[in-house]
Structure formats: structure tokens, C-alpha cells
Amino acid sequence: MSGLVLYGVALFFALSAWHFARGRRTNPRAIARYSCYATALLAAALLLLAPPTVQAADRLHRLGIAPALPVLLGDTLRIGAACAIRLLAGVLRTPEPARRAVRRQLALLAGVLGVRAVLFVAAAPGLDASDLTAAPSTGARLALAGYTAAGVLYLAYCLTALLRQLARLARAAAPGRQRSGLRLLTLSLVAGLLWNAWGVDDVVQAAATGTQAGAEDALCGVLGLLCVALLATGLGTTVWPAAHAAVRGWLRAHRRYRALAPLWRDLHTVLPEIALAPARRLPLLPPRDPQFALYRRIIEIHDARLILRQHLDPRTPQWLAAATSRFPPSAARADATAKAATAEAAALAAALERAAAGARPNPDTPRTAPTAEPPHALGPDLESEADHLAHLTRVYATCPAVAEVRACARAAAPSPSAPDPVASPVR
């Protein structure tokens with residue numbers, strides 16, 4: 001595969017690792033943990049082993065670093081991903097494997113890495129473009145061949161273990177998307193084993209010529225693309241639907257959170273005490289958890305509405321009636337729901353102007369509130385309440401009748417020295 005394709009595959013594995021990492025926080029299971037480790041290590045290994053990255057390693061000569069070091073690091077990460085795959089096979093067989101079994105696999109990993117490190121030092125390899133070349137001696141060529149063979153054998157051992165468990169789960173799964181996804185993952189491992197088996201050619205080439213080709217031939221590239229395509233399809237069938245639902249929920253909560261911004265901003269300007277603990281992030285960045293941020297913004301808006309009830313102006317219905325006659329609503333805003341939202345937004349706008357002017361609280365709020373602000377029953381869930389407040393915000397920010405009521409309330413707001421007819425009503 002070309003360098004750009006490998007970078008794309010690495011991005012796919014990185015996104016999969018991010019998804020599995022999120023799954024660990026909500027459902028800390030060993031399956032999600034080892035899947036996260038395997039995909040993250042594979043992503044890092046592909047980034048280091050891509051031909052453009054290996055070719056760029058020639059510049060390490062100037063820093064006094066061996067140019068073949070990125071290849072060793074990439075191969076080490078790939079072996080670590082193979083160990084995570086083997087541990088994943090273990091938890092698929094037994095949800096809670098014995099610690100002795102885990103220690104045995106980690107000890108095997110340490111042994112493989114140790115042997116490969118010794119063989120790598122014995123080969124004293126260098127770089128020729130993207131090819132790994134051993135020192136000009138028979139021992140160095142055999143050491144490079146042994147280094148490659150150890151990786152091929154260990155990867156085959158780990159992939160075979162996972163293949164057996166996935167095949168067993170696919171046979172036991174009920175017909176449906178789950179079984180189809182497991183079968184696709186099983187086929188991807190078969191293609192991966194064939195891809196890995198083609199590495200025997202690298203072992204023979206290293207023993208004969210002392211060179212390990214960095215670029216793959218046509219058949220090896222086809223097997224690699226087939227493995228990745230089947231893996232992506234299998235994950236897309238079994239894992240990514242849940243990830244897609246999570247992303248869609250994040251976007252929907254973020255959209256509702258932003259929709260409440262105009263109303264919340266005006267309320268917070270006049271009543272800064274409604275804000276809960278400020279979020280520790282840059283203002284232009286979206287909230288990390290928009291669902292919680294949306295919940296908090298709804299609570300803050302309702303707190304502001306409770307405070308503003310003591311500033312409600314009983315003249316608001318008359319102002320709204322005059323404004324409606326001057327700016328008649330469109331056909332879309334002529335139904336009862338739209339009229340109620342307009343009346344509620346007008347009452348909030350008028351009360352906000354009185355609070356901004358520093359007016360004293362209205363002692364007759366219990367008597368005047370039902371006529372100044374229509375009652376609103378809270379929605380059955382967070383989404384419905386957010387949709388109601390988003391509609392209220394649109395009316396508050398765009399309705400000309402509400403703007404007219406706001407202008408009337410601003411003109412009628414009492415000055416600090418003048419008496420307030422609303423706070424001291426004539427009975």
C-alpha cells in the first residue's frame with residue numbers, strides 16, 4: 001500500500017481507538033480495553049512504518065540517531081498490537097481471564113521483543129530509501145532474517161487465536177447484523193493471516209540478500225487492502241452504528257446548546273448570578289460534554305425566569321396587543337402555540353428591561369404574573385424542554401412584536417429618582 005493509503009488506514013485505527021476508549025469510560029470491560037490498545041498501537045505503527053516516514057528518517061543521521069530506529073519502533077508497536085489482539089482473544093473466550101494467563105502472554109511478549117532486539121543489533125541494519133539493509137556479512141543477513149521471522153510467527157500466533165474465537169462467536173450468534181459483522185471480522189483475520197504469511201518472502205529475501213523491502217509488492221498490497229476493507233466493514237456493522245448514534249447525539253445536543261445562546265446571553269448579562277461554575281475551556285471551543293452543558297444552560301435559564309417573575313410588568317399584555325396589531329403575525333405564527341411563545345417571550349423581554357434598569361421587585365407578582373407571563377409546563381424530558389426553549393429563543397430574538405414590547409418596557413422603565421407605578425400600584 002502507498003504511504004497515503006497507510007496514513008488513511010492509520011487514521012481509521014486511531015478513530016476506532018478513540019471510540020473504544022470512550023467505551024471504556026461508560027462500560028469498563030476488558031474487551032473495550034484491549035480493542036483500544038490494539039487499534040491505537042496499530043495506528044502508531046502504521047504511521048512510523050509508512051514509506052514516507054521511513055524515507056524521512058534518513059535525516060536522523062545529522063542528529064546522530066540511527067536512521068533504522070523508526071523501523072524498530074514501528075515493528076515494536078506492531079508486536080505490542082499483536083499482544084493486545086492475543087489478550088482480546090482471551091477475554092472473548094473467558095470474560096475474566098486468570099491473571100496467570102495474562103502474565104504468561106506478557107512474558108511471551110517480553111521474550112519476543114527481547115529476541116528481536118538482540119537480532120536487530122546483530123544485523124546492524126541501515127536504510128536504503130525505504131529498504132532495511134543488513135551489514136555485509138552472513139551473520140548479519142541471518143540476524144535480519146531471524147528478526148523478520150520472529151515477528152511473522154508471533155503475529156500469526158496472535159491472529160490465529162483471535163480468529164478461532166471470532167469464528168466461534170459467529171457460529172453461535174443469531175442471524176442478523178451481529179452475525180454478519182462477526183463473519184466479516186473473521187474474513188478480515190483470514191486476509192490478515194495471508195497478508196502476514198506473505199512476510200515469509202521477506203525472510204527469504206533478508207537471508208539471501210540482506211535486504212528487507214520497505215515497499216510491498218502488488219499481491220501483498222491487495223491482501224492488505226482486503227484485510228483493512230473487511231475489518232472496516234465488520235466494525236461498521238458491529239461497532240460504528242453505536243458510535244454514529246453517539247456522534248449524532250453530540251451534534252444534536254450541541255445544536256440545541258447553541259440555539260439557546262441569544263436568550264441565555266441577555267439573561268446572563270443582566271443576571272450574572274444565574275451562571276453555575278464556569279467551564280474551563282476556551283470560549284470559541286464547543287463544550288466537551290454538550291449534553292451536560294445543555295442541561296446546565298436550561299437550568300440557568302429557568303433560574304433567571306424565576307428571578308424575573310418579581311420584575312414582571314402587568315402592562316405587558318397591553319403592549320403586546322398594540323405591537324401585534326402593528327406587526328401582525330404570519331400564518332405560521334398565528335396558531336395557539338406560537339401566540340403563547342410570543343406572549344412568553346414578550347413577558348421575559350419586558351421583565352428583563354425592568355431588571356436591567358434596577359427597578360424594585362414587584363410586590364404584586366403573584367397577582368400579576370398569570371396575566372403577564374403565560375404558564376409553561378416543563379417538558380417530559382431534556383430534549384423536549386430544550387426544543388421549547390429554542391423556539392422561545394427564536395421568537396425572543398426575531399419577532400418584531402417582542403422587539404416592540406422590549407422598546408416600550410425600556411421607555412417605561414423607572415429611573416432611580418422617579419416613582420415606579422408597577423412597584424407601587426394603585427389599588
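Which charged end sits over the ring of Tyr147? Select Tyr147 in this predicted model and display its surroundings: the charged end of Arg116 sits over the ring, 4.0 Å from its centre.

**Phe120 and Tyr147**

Keep Tyr147 selected and add Phe120. The two residues form a tilted aromatic pair, with 5.3 Å from centre to centre and 55° between the planes. Phe120 belongs to helix H5 and Tyr147 to helix H6, so the pair ties together parts that are 27 residues apart in sequence. Both residues are buried. The aromatic pairs in the structure number 3, and another of them is the next stop.

**Tyr34 and Tyr37**

Move to helix H2, which spans residues 30-49, and select Tyr34 and Tyr37. These tyrosines are 3 residues apart, about one turn of the helix. In an α-helix, residues three or four places apart point the same way, because there are 3.6 residues a turn. The ring centres of Tyr34 and Tyr37 are 6.3 Å apart and their planes stand at 65°; the pair is therefore edge-to-face, the class for angles over 60 degrees. Colouring by accessibility separates the two: Tyr34 is buried, at 9% relative accessibility, whereas Tyr37 is partly exposed, at 36%. Now add Arg33, which lies over the face of Tyr34 at 5.0 Å from the ring centre.

**The largest nonpolar core**

Tyr34 also leads into the largest nonpolar core, a set of 40 residues. Select Phe13, Tyr34, Tyr154, Leu162 and Leu166, the members that touch the most others in this core. At least two core residues come from each of helices H1 (3-26), H2, H4, H5 (99-123), H6 (138-172), H7 (177-197) and H9 (218-238). The largest share, 10 residues, is supplied by H4. A separate core of 39 residues lies apart from this one; Leu389, Cys399, Val405 and Ala409 are among its members.

Return to Tyr154 and show its contacts. Beyond its neighbours within four places in sequence, Tyr154 is in contact with Ile79, Ala82, Cys83, Gln105, Leu108, Leu109 and Val112.

**Cys83 and Cys158**

From that list, select Cys83, which lies in helix H4 (residues 69-93). Is Cys83 buried or exposed? Its relative accessible area is 2%, so Cys83 is buried. Setting aside residues up to four places away in sequence, Cys83 touches Gln105, Leu106, Leu109, Tyr154 and Cys158. A distance monitor between the C-alpha atoms of Cys83 and Tyr157 should read 9.6 Å, although these residues are 74 apart along the chain.

Next, select Cys158, which is likewise buried, at 0% relative accessibility. Why is there no bond between the sulfurs of Cys158 and Cys83? The two sulfurs are 6.5 Å apart, which is too far for a bond, given that a disulfide requires sulfur atoms within 2.5 Å. The structure as a whole holds 0 disulfides.

**Helix H12**

For the final stop, select residues 290-308, helix H12. How many residues does helix H12 have, and how far does it reach from its first C-alpha to its last? Helix H12 has 19 residues and reaches 26 Å, close to the 27 Å expected at 1.5 Å a residue. Colour H12 by accessibility to locate its buried residues, which include Pro290, Leu294, Arg297, Ile301, Arg305 and Leu308. Charged side chains also appear among the buried residues of H12, including Arg296 and Glu300.

Terms used: Residues numbered from 1 in each chain as written. Predicted model: local features only at pLDDT ≥ 70, side-chain atom pairs only at ≥ 80, totals over all residues. Heavy atoms only, no water. Helix = DSSP H or I, 4+ residues; strand = E, 2+ residues; numbered from the N terminus. Buried < 20%, exposed > 50% of the residue type's maximum accessible area, 1.4 Å probe, protein only. Contact = heavy atoms within 4.5 Å. Core = buried A, V, L, I, M, F, W, Y, C linked by side-chain atoms within 4.5 Å. Expected span 1.5 Å × (residues − 1). Phe/Tyr/Trp six-rings, centres within 6.5 Å; stacked < 30°, edge-to-face > 60°. Lys NZ or Arg CZ within 6 Å of the ring centre and 35° of its normal.
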